[in-house]
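Reader: I have this protein open at my desk and would love a close look at one part of it. Could you walk me through the place where its domains meet, and then the surroundings of the ligand?

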Amino acid sequence: MPNAPLVERDLKVLWHPCTQMHDHETIPLVPIRRARGVWLEDFEGRRYLDAISSWWVNIFGHGHPAIDEALRRQLGNLEHVLLAGFTHEPAIQLAESLVTLAPLGLTRCFFGDNGSSAVEIALKMSLHYWRNEGCPRKTAFVTLAHSYHGETVGALSVSDVALYKETYAPLLFSAHIAPSPDCSLREPEASCEDQIRQALSGMNEILEQHGDTICGVIIEPLVQCAGGMRMYDPSYLRGLRELCDRYGVHLIADEIAVGFGRTGTLFACEQGPIQPDFLLVGKGLTGGYLPLSACLVPENIYQAFFAEYESGKAFLHSHSYTGNPLACTAALATLDIFAKTDVIAKNRVLSAVIAEALAPLREHPHVASVRQTGMIAALNLVADKGRGQAYPALERRGLRVYRYGLDHEALLRPLGDVLYVMPPYVIEPDEIKQLVRTLAAGIDAATEA
Ligand SMILES: *Cc1c(COP(=O)(O)O)cnc(C)c1O
């Protein structure tokens, strides 16, 4: 069967996420028939290497035999039950595993059903914690410039990507925005250390002035992903932890994109090392099979809510699919892969292959800021490398690379003119080399005249 009939049906009824639907008048929509490992296959037998792990969720490839099998087994027993007043083994076991794997001191697990909901949970829980502790004046949050924490109204309020945020400004609450530690934002002549010092000093200023009304600081540890794959040194995490302690505010680590081995450690916070007050996980948690997220907190936060019912201290938050047994089962099977293979060591080898393959692109006249943290590598398309000048956004050069990729067996979905690879961990060295060749050829095609 060809692709066209499905595309036609789709475009009559579907409205796709993060898409100007008009683009599909000219850009092909790709119906996928099946997927195995890093490869997606369409109805005409064309294949696409999933270089972005299907929006960063699919960490062990598609159709993983162990996750498939675990889900088949769970299906015969329990597909769903509410998690209030009832419980089930997959949720218990997953919570046990997560608190064991997470940075020390995080002892309680509250489930959500996607990343944005985990962010909403953390914001509400942090504010409610301070309220229960007798600090009702603490109602504000600090976020970093260029941060991204999801699309729901609360999560968007603590994000800083204008493209997603600006239109909805009237709906959002305001958050303090501290400077990003991203090295590429440094002044000419300044070093990455200078940028981190600057970022911490900016944070210090906000906390010094407003600490008594601030609940917490939310960050994406080591890589600000959707805001342009902006990377920074772990020393920032240590500095931030000190500031949060000094001014008595929560440190909320949103590891929804960077958790589960993506940055070279199981959790990015381990590279501080720091112990966050909130650890948020999602995306790769289920190996890309089903939506699930979790918010992990230390015992003192849990205890602040634990009281007689009349106290009104309970955290009355829920999502219909909270702790869904199938999603928890997929997550357990995913964690089992970490338990049975040294994923971190294998990723170190793959990361080196990525680095080596990308190195020649540093010399490309339209490529700047080639950078990498573990299994994330990114670069910027630029009009004028010497002056660091970007292309006009409306030329949509990154989109040309995307289209080139589709014609050459690769799913590369740039963030504007930021091109990146964030592949499933089951990618082979030869596939990495082929992928980077495609990326390089796509850059040539997208930057000629
Ligand atoms: C994707 C993402 C989210 C939102 O997760 P969804 O599952 O898309 O709602 C939140 N924070 C970060 C850092 C993300 O990358």
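Author: Happily; here is a walk along the domain interface, followed by a visit to the ligand. Please keep in mind that this is a predicted model.

Let's start with the layout. Domain 1 is made of two stretches, 4-63 and 342-446, while domain 2 covers 68-340. Between the C-alpha centres of domain 1 and domain 2 the distance is 26 Å. Each domain brings residues to the contact: 26 from domain 1 and 26 from domain 2.

How much area is buried between domain 1 and domain 2? The figure is about 2,200 Å², and carbon and sulfur atoms give 66% of that area. As for polar links across this interface, there are 9 residue pairs in polar contact, but 0 salt bridges are found.

Looking at the side of domain 1 that touches domain 2, you can pick out several elements that each supply at least two residues: the helices α2 (53-56) and α12 (343-358), along with the strands β13 (367-373), β14 (376-381) and β16 (418-421). Sorted by class, that side of domain 1 has 17 nonpolar residues, 7 polar ones and 2 charged ones.

Now for the ligand. Among the residues around the ligand are Trp 56, Asn 114, Tyr 148, His 149, Glu 220, Asp 254 and Lys 283. Gly 115 and Ser 116 belong to that group too. Gly 115 places a backbone N or O atom 2.8 Å from a ligand oxygen atom. With Ser 116 the side chain is involved, having an N or O atom 2.5 Å from an oxygen atom of the ligand. Lys 283 also uses its side chain, with a polar atom 2.6 Å from a ligand oxygen atom.

Technical notes
Residues are numbered from 1 along each chain as its sequence is written. This is a predicted model: local features need pLDDT of at least 70, side-chain atom pairs count only at pLDDT 80 or more; totals for chains, interfaces and linings use all residues. Side-chain values use heavy atoms; hydrogens and water are left out. Domain bounds come from an automatic or database domain assignment. Contact means heavy atoms within 4.5 Å. Buried area is the accessible area (1.4 Å probe) that two parts lose on being put together, summed over both. A salt bridge is a side-chain nitrogen of Lys or Arg within 4 Å of a carboxyl oxygen of Asp or Glu. A polar contact is a pair of N or O atoms within 3.5 Å; within protein, one must be able to donate a hydrogen and the other to accept it, and residues adjacent in sequence count only if both atoms are side-chain atoms. Helices (H or I, at least four residues) and strands (E, at least two) are DSSP runs, numbered from the N terminus. Ala, Val, Leu, Ile, Met, Phe, Trp, Tyr, Cys and Pro count as nonpolar, Asp, Glu, Lys and Arg as charged, and the others, Gly among them, as polar. A residue is near a molecule or strand if one of its heavy atoms lies within 4 Å of it.
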